[in-house]
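Please look over the sequence and the structure together before reading on. The paragraphs after them are meant to be read with the model open beside the text.

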Amino acid sequence: MTPHILLINPNSSLATSDMMQTIAQKAAGGRLDVRVVTADRSPSMITTPEQLAASASQVVELGTAHDRDCVGIIVSAFGDPGLAELRRKVNVPVVGICEASMIEASQGARRFAVATSTPDLAEAIDQRAHDLGLGHLYAGARCTAGDPLALAADAGLLAEALAGSVRECIERDGAEAVIIGGGPLGQAAEQLRTRFGRPVLGPIPCAVERVFSLIDQDGNIPQAI
């Protein structure tokens, strides 16, 4: 076994896990391997606060079962389910994609916003910004219209719908950086990254970079236990 980052997909879609792993591995740039585990007690895409809360227990189970070559863990659902409890139970860095992307988006005191396809999770997203002490920089979340699952089934339609939300974040809310808010939206985030004159951030690459920043400030990979 070799040192690696473990990415936990709290959604139950294996296809989504494959997409997340591809994006994370690209972001890792050969520095470490990224391995993925997938929840099996959640829906294919988490879209409600109840589903988000229910997913936390399995996130903790999957994370605490990591093997000894795991040097960091990413929780890849935008509400960061189970993050705090998992951190208490393991001795490797644990990063949530919402947390990591909000920290990155706020660098330099930038005003930031979130574009997402899950309106029922907007309140949870708002709460994460305030929990992180970033409420003063947070411009809010803009949500696409229509059923999130139907949008997710059409990659082109999803990207265009999110592009409209990004534009609203910039033009109406004054956002200086916009996060594409959702692990399953990772591919759309990659497509939109260079379409606007302001940073559009994918949460998965943000989480990968944050793991690397936390692994060891001296650049050494610690042995996980």
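What follows goes through the sheets, the helices packed on them, and then the empty spaces.

This is a predicted model, in which local features need pLDDT of at least 70 and side-chain atom pairs count only at pLDDT 80 or more, while totals for chains, interfaces and linings use all residues. Residues are numbered from 1 along each chain as its sequence is written, and side-chain values use heavy atoms, with hydrogens and water left out.

Helices and strands are taken here as DSSP runs numbered from the N terminus (H or I over at least four residues for a helix, E over at least two for a strand). Strands of a sheet pair through backbone hydrogen bonds, either parallel or antiparallel. Two strands are called paired if DSSP finds at least two bridges between them. One open sheet is formed by 4 strands in the order S2-S1-S3-S4, and its pairing is parallel. Strand S2 (33-38) and strand S4 (94-96) stand at the edges with a single partner strand each, so one side of each is left without a neighbour in the sheet. From one strand to the next the twist averages 25°, where angles run from 0 to 180 degrees between N-to-C directions and axes are lines fitted to C-alpha atoms, for helices over the stretch in contact. Within this sheet, strand S1 (residues 4-9) and strand S3 (residues 70-75) pair in the parallel sense over 5 bridges, and Leu 7 stands opposite Ile 74 in S3.

Two helices can be followed onto this sheet, with contact meaning heavy atoms within 4.5 Å. H1 packs on the sheet by touching S1 and S2, and the direction of H1 makes about 160° with that of S2. H4 packs on the sheet by touching S3 and S4, and the direction of H4 makes about 75° with that of S4.

A further open sheet of 4 strands has the order S6-S5-S7-S8, with parallel pairing. The edge strands are strand S6 (138-143) and S8, each of which pairs on one side only. Strand S5 (residues 112-116) runs parallel to S6 and is joined to S6 by 4 bridges, and the bridge partner of Ala 115 in S6 is Arg 142. H7 packs on the sheet, where H7 touches S5, S6, strand S7 (177-180) and S8, and the direction of H7 makes about 160° with that of S5.

Helix H4 (residues 97-105) also packs with H9, at an angle of about 85° and with their axes 8 Å apart. That angle makes H4 roughly perpendicular to H9, since angles of 65 to 115 degrees count as roughly perpendicular, under 35 as roughly parallel, over 145 as roughly antiparallel and the rest as oblique. On the H4 side the contact includes Ile 97, Ala 100 and Ile 103, and on the H9 side Pro 203, Ile 204 and Ala 207 are among the residues met.

Where is empty space left? Rolling a probe the size of a water molecule over the atoms shows where empty space is left. On a 1 Å grid over the protein atoms alone, a cavity is a set of points where a 1.4 Å probe fits but cannot get out, a pocket is an open set with protein on both sides within 12 Å along at least five of seven lines, and lining residues have an atom within 4 Å of a point. Grid points are joined across faces, edges and corners, and a volume is the space filled by probe spheres set on the points.About 260 Å³ of space lies in the largest pocket. Of the 17 residues lining the largest pocket, Thr 16, Met 19, Ala 152, Leu 158 and Pro 184 are the closest to its centre. Helix H1 (14-28), helix H6 (148-152), helix H7 (155-171) and helix H8 (186-192) each supply at least two residues of that lining. The lining of the largest pocket divides into 11 nonpolar, 5 polar and 1 charged, with Ala, Val, Leu, Ile, Met, Phe, Trp, Tyr, Cys and Pro counted as nonpolar, Asp, Glu, Lys and Arg as charged, and the others, Gly among them, as polar.

The second largest pocket holds about 160 Å³ of space, and its lining includes Lys 26, Glu 104, Glu 190, Arg 193 and Glu 209. H8, strand S8 (200-201) and helix H9 (203-215) are the elements that give two or more residues to this lining. The residues here divide into 5 nonpolar, 1 polar and 5 charged.

The count comes to 1 cavity of 30 Å³ or more, and about 170 Å³ of space lies in the largest cavity. Of the 18 residues that line the largest cavity, the closest to its centre are Ile 46, Phe 78, Thr 118, Leu 121 and Gly 182. By class, the lining of the largest cavity has 10 nonpolar, 8 polar and no charged residues.
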